[in-house]
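I set out to record how the aromatic rings and the nonpolar residues are arranged. The entries below follow the order of my look-ups.

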Amino acid sequence: MKTFGLTLNLQEDAAKIASYRSQHRAVWPEVTDRLRACGVQEMRIFLRGTRMFMYLVTDDAFDPAVDFARINEDPASARWNALMAELQARSPEANPDEWWAPMELVFDLNWPQHQSR
(Lines give C-alpha, C1' and ligand atoms only; values in the text may rest on other atoms or scores of the structure.)
Protein backbone atom coordinates (compact mmCIF):
# COMPACT_ATOMS: atom_id res chain seq x y z
CA MET A 1 0.00 0.00 0.00
CA LYS A 2 1.23 3.50 -0.91
CA THR A 3 -0.18 6.87 0.14
CA PHE A 4 0.01 10.20 -1.66
CA GLY A 5 -0.94 13.78 -0.82
CA LEU A 6 -1.46 16.20 -3.70
CA THR A 7 -2.66 19.77 -3.97
CA LEU A 8 -4.43 21.83 -6.60
CA ASN A 9 -6.60 24.93 -6.64
CA LEU A 10 -10.01 25.63 -8.01
CA GLN A 11 -10.53 28.79 -10.00
CA GLU A 12 -11.71 31.64 -7.82
CA ASP A 13 -15.27 31.60 -9.10
CA ALA A 14 -18.18 30.70 -6.82
CA ALA A 15 -20.15 29.06 -9.64
CA LYS A 16 -17.18 26.88 -10.65
CA ILE A 17 -16.56 25.86 -7.04
CA ALA A 18 -20.23 24.94 -6.65
CA SER A 19 -20.08 22.97 -9.90
CA TYR A 20 -16.97 21.10 -8.75
CA ARG A 21 -18.70 20.12 -5.51
CA SER A 22 -21.93 19.01 -7.17
CA GLN A 23 -20.14 17.05 -9.89
CA HIS A 24 -18.15 15.13 -7.27
CA ARG A 25 -21.35 14.26 -5.40
CA ALA A 26 -22.46 12.50 -8.60
CA VAL A 27 -19.15 11.28 -10.03
CA TRP A 28 -19.52 9.04 -13.05
CA PRO A 29 -19.26 5.33 -12.19
CA GLU A 30 -16.89 4.77 -15.14
CA VAL A 31 -14.46 7.19 -13.51
CA THR A 32 -14.43 5.45 -10.13
CA ASP A 33 -14.20 2.05 -11.85
CA ARG A 34 -11.16 3.21 -13.84
CA LEU A 35 -9.45 4.64 -10.75
CA ARG A 36 -9.84 1.30 -9.00
CA ALA A 37 -8.65 -0.62 -12.08
CA CYS A 38 -5.47 1.49 -12.10
CA GLY A 39 -4.68 0.72 -8.46
CA VAL A 40 -6.37 3.51 -6.48
CA GLN A 41 -7.92 1.96 -3.37
CA GLU A 42 -9.05 5.16 -1.67
CA MET A 43 -9.30 8.79 -2.76
CA ARG A 44 -10.41 11.73 -0.69
CA ILE A 45 -10.45 15.35 -1.83
CA PHE A 46 -10.67 18.11 0.77
CA LEU A 47 -11.51 21.73 -0.05
CA ARG A 48 -11.00 25.02 1.76
CA GLY A 49 -11.72 28.14 -0.23
CA THR A 50 -10.07 27.38 -3.54
CA ARG A 51 -7.32 25.07 -2.17
CA MET A 52 -7.80 21.33 -2.60
CA PHE A 53 -5.92 18.47 -1.01
CA MET A 54 -6.22 14.94 -2.39
CA TYR A 55 -5.29 11.93 -0.29
CA LEU A 56 -4.75 8.67 -2.18
CA VAL A 57 -4.19 5.12 -1.02
CA THR A 58 -2.99 2.86 -3.81
CA ASP A 59 -1.64 -0.61 -4.32
CA ASP A 60 2.13 -1.10 -4.12
CA ALA A 61 2.55 -1.18 -7.90
CA PHE A 62 0.98 2.26 -8.43
CA ASP A 63 3.34 4.73 -10.10
CA PRO A 64 1.88 8.25 -10.47
CA ALA A 65 3.98 8.99 -13.57
CA VAL A 66 2.54 5.93 -15.33
CA ASP A 67 -0.84 5.29 -13.76
CA PHE A 68 -2.31 8.80 -13.79
CA ALA A 69 -1.75 8.82 -17.57
CA ARG A 70 -3.23 5.31 -17.78
CA ILE A 71 -6.43 6.55 -16.10
CA ASN A 72 -6.99 8.91 -19.05
CA GLU A 73 -6.72 6.07 -21.57
CA ASP A 74 -10.35 5.42 -20.64
CA PRO A 75 -12.53 7.82 -22.72
CA ALA A 76 -15.02 8.56 -19.90
CA SER A 77 -12.20 9.31 -17.45
CA ALA A 78 -10.48 11.55 -20.01
CA ARG A 79 -13.75 13.49 -20.53
CA TRP A 80 -14.26 13.78 -16.75
CA ASN A 81 -10.71 15.05 -16.19
CA ALA A 82 -11.03 17.56 -19.04
CA LEU A 83 -14.30 18.83 -17.55
CA MET A 84 -12.70 19.16 -14.09
CA ALA A 85 -9.66 20.95 -15.56
CA GLU A 86 -12.00 23.73 -16.73
CA LEU A 87 -12.76 24.42 -13.05
CA GLN A 88 -9.23 24.00 -11.67
CA ALA A 89 -6.08 26.13 -11.48
CA ARG A 90 -2.52 24.95 -10.91
CA SER A 91 -1.24 25.74 -7.42
CA PRO A 92 1.57 28.33 -7.32
CA GLU A 93 4.13 25.83 -6.02
CA ALA A 94 3.46 23.30 -8.81
CA ASN A 95 6.20 22.62 -11.33
CA PRO A 96 5.35 23.40 -14.98
CA ASP A 97 4.82 19.69 -15.74
CA GLU A 98 2.52 19.09 -12.74
CA TRP A 99 -1.22 19.54 -12.46
CA TRP A 100 -1.97 17.99 -9.06
CA ALA A 101 1.27 18.88 -7.25
CA PRO A 102 2.68 16.19 -4.93
CA MET A 103 3.18 17.11 -1.30
CA GLU A 104 5.84 15.88 1.13
CA LEU A 105 4.69 13.69 4.00
CA VAL A 106 6.08 15.32 7.15
CA PHE A 107 4.07 13.55 9.86
CA ASP A 108 2.29 10.25 10.31
CA LEU A 109 0.61 9.41 13.61
CA ASN A 110 1.67 5.79 13.09
CA TRP A 111 5.38 6.52 12.79
CA PRO A 112 7.44 5.13 15.69
CA GLN A 113 7.96 7.70 18.45
CA HIS A 114 11.72 7.22 18.38
CA GLN A 115 12.11 8.18 14.71
CA SER A 116 15.10 10.50 14.31
CA ARG A 117 14.46 14.20 13.92
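**Aromatic pairs**

I searched the whole structure and found five aromatic pairs; rings of Phe, Tyr and Trp (its six-membered ring) pair if their centres lie within 6.5 Å, and planes under 30 degrees apart count as stacked, over 60 as edge-to-face and the rest as tilted. Trp-28 and Trp-80 have ring centres 5.1 Å apart and planes at 70°, so I entered the pair as edge-to-face. This pair links distant parts of the chain, 52 residues apart: Trp-28 is in the loop between α1 (14–25) and α2 (29–37), and Trp-80 is in helix α4 (residues 75–85). Helices (H or I, at least four residues) and strands (E, at least two) are DSSP runs, numbered from the N terminus.

This is a predicted model, in which local features need pLDDT of at least 70 and side-chain atom pairs count only at pLDDT 80 or more, while totals for chains, interfaces and linings use all residues. Residues are numbered from 1 along each chain as its sequence is written, and side-chain values use heavy atoms, with hydrogens and water left out.

**Nonpolar core**

I noted 18 residues in the largest nonpolar core, a set of buried Ala, Val, Leu, Ile, Met, Phe, Trp, Tyr and Cys residues joined through side-chain atoms within 4.5 Å; buried means under 20% relative accessible area, exposed over 50%, partly exposed in between (1.4 Å probe, protein chains only). Leu-10, Tyr-20, Met-52 and Trp-100 have the most contacts inside this core, contact meaning heavy atoms within 4.5 Å. At least two core residues come from each of β1 (2–10), α1, α2, β3 (51–58) and α4.
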